[in-house]
Amino acid sequence: MSAFSRFTPLVSVLPSTVPFVGPEAIERQRGLKVEARIGANENGFGPAPSVLTAMREQAGDIWKYNDPENFDLREALAAHLGVTAANIAIGGGIDELLGQIVRLVIEPGMPVVTSLGGYPTFNFHVAGFGGRLVTVPYVNDREDLSGLLDAVKRENAPLVYFANPDNPMGSWWDADRIVAFARALPETCLLVLDEAYSETGPAGSLPSIEALIGLANVVRTRTFSKAYGLAGARVGYAISTPGTALAFDKIRNHFGMNRLATAAALAALKDQAYLAEVVGNIHAAREHIASIARANQLSPLPSATNFVTIDAGREGTYARSIVDGLMQHGVFIRMPGVAPLNRCIRVSVGPERDMARFEDALPRVLRLLD
């Protein structure tokens, strides 16, 4: 298969890859229908009715470009968080923002510190800009803060990625430990603090805005994809000092935000009562998933996210067999990709019908494997 002959040397050696195999691809490849979509950490409870109303009301304006300054959303987020609009940068989901952050900091060959088995899309962006990944293993199924700090200092790394709460393990660190970690980093190292699951963690797991807002070398990334139920809308935002946030304007796609997605995010932010209801549903569904796991002699890990990671108790091939077996019953889940984390499976929360299908299918799959 021929390709254009003058791609950059970096692009020429990169593999063509998609970090995640989507349920749609699985349906196409295996001829199976996904009946319970509980593998991508989406929010199956969906967005607020007020959000859907706002999108319908503004659908006729889709012929217009979105405001390239994202003024209304930045102002609304600033008021919600207690910062200024200058502290906020908007992007098409956290994934887009991560790519922009890597582009802002990394040149070919530069070291980038992250956790072994952490969010693969970040690694994808690092590879795309020629960075050199330096990975630190998890300890007791949590990202190793001391190990990450040591690696940053050893490598003189200009960028480190840390997610709290964590994907794929669902674990978390308390706010005071995160703040201490951030303050211990060299000023020459930018911390990407991925807080995609900030709304679903326990009290005390999320540093206050004031605790980190003055650090120019900290960028906190958040999203409307999880608790707000807008994964398909692709709306994310970064919180940092005004100078650091302003740097995104140098490289971002200024017409990249979807007009209806912006309307959805504004409506979602206003409807905090619905958010509280959904977070309660998420907590209840986590407990349900954990009880299903225990009933099948599997070990659920504590979770601060909208999913539960379940220790299957054996090697990665066994966990993979569970994932594939559940798909035969129309239940789409995922698993961590790196040992020893890949001894686990990962199940996203969802409405009762999805939980019931998982509860019915899991023992059937396990019986076939034993």
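**Entry 1. Burial of a ring pair.** I began with two aromatic residues and noted that Y197 and F307 are both buried. In these notes buried means under 20% relative accessible area, exposed means over 50%, and partly exposed lies in between, with a 1.4 Å probe and protein chains only.

**Entry 2. Basis of the values.** I am working with a predicted model, in which local features need pLDDT of at least 70 and side-chain atom pairs count only at pLDDT 80 or more, while totals for chains, interfaces and linings use all residues. I number residues from 1 along each chain as its sequence is written, and the side-chain values use heavy atoms, with hydrogens and water left out.

**Entry 3. Aromatic pairs.** I searched the whole structure and recorded eight aromatic pairs. I took F122 and Y161 next: their ring centres are 4.6 Å apart and their planes meet at 20 degrees, so this pair is stacked. F122 belongs to helix 6 (residues 120-128) and Y161 to strand 5 (residues 159-163), so the pair ties together parts that are 39 residues apart in sequence. F122 counts as buried at 0% relative accessibility, and Y161 counts as buried at 2%. I then returned to Y197 and F307, which form an edge-to-face pair with 5.6 Å from centre to centre and 80 degrees between the planes. This pair links distant parts of the chain, 110 residues apart: Y197 is in the loop between strand 6 (190-194) and helix 9 (209-212), and F307 is in strand 10 (residues 307-311). I also noted a cluster in which ring pairs link F224, Y228 and Y237.

The criteria I used are as follows. Rings of Phe, Tyr and Trp (its six-membered ring) pair if their centres lie within 6.5 Å; planes under 30 degrees apart count as stacked, over 60 as edge-to-face and the rest as tilted. Helices (H or I, at least four residues) and strands (E, at least two) are DSSP runs, numbered from the N terminus.

**Entry 4. Charges over rings.** Which ring has R346 over it? I found the charged end of R346 over the ring of F307, 5.4 Å from its centre. R142 lies over the face of W173, at 3.5 Å from the ring centre. A charge is accepted here if NZ of Lys or CZ of Arg is within 6 Å of the ring centre and within 35 degrees of the ring normal.

**Entry 5. Strands 10 and 12.** I followed F307 and R346 into their strands and found that five bridges join strand 10 to strand 12, which run antiparallel. T309 stands opposite R346 in strand 12. Two strands pair if DSSP finds at least two bridges between them. These strands belong to an open sheet of three strands in the order 9-10-12, with antiparallel pairing. Strand 9 (299-300) and strand 12 are its edge strands, each pairing on one side only. Strand 12 is nonetheless mostly covered, with five of its five residues buried. From strand 12, C344, R346 and S348 point one way, and I345 and V347 the other.

**Entry 6. Strand 3.** I counted five of the five residues of strand 3 (residues 111-115) as buried, so this strand is largely enclosed by the rest of the structure. P111, V113 and S115 point one way, and V112 and T114 the other. Strand 3 and strand 4 (residues 132-136) run parallel and are joined by five bridges; V113 has V134 as its bridge partner.

**Entry 7. Helix 13.** I checked the span of helix 13 (residues 316-327): its 12 residues reach 17 Å from first C-alpha to last, close to the 16 Å expected at 1.5 Å a residue. The expected span is 1.5 Å times one less than the number of residues. Its buried residues include Y318, I322, V323 and L326. I find that the buried residues of helix 13 pack against helix 2 (23-30), strand 11 (331-332), strand 12 (344-348) and helix 14 (352-369).

**Entry 8. Two single residues.** A85 lies in the loop between helix 4 (71-81) and strand 2 (88-91), and at 13% relative accessibility A85 counts as buried. Neighbours within four places in sequence aside, A85 is in contact (heavy atoms within 4.5 Å) with R74, E75 and A78. The C-alpha atoms of A85 and P242 are separated by 8.5 Å, although these residues are 157 apart along the chain. I then looked up T262 in helix 11 (residues 259-270), which is buried with a relative accessible area of 8%. Not counting residues up to four places away in sequence, T262 touches N66, L73 and M257.
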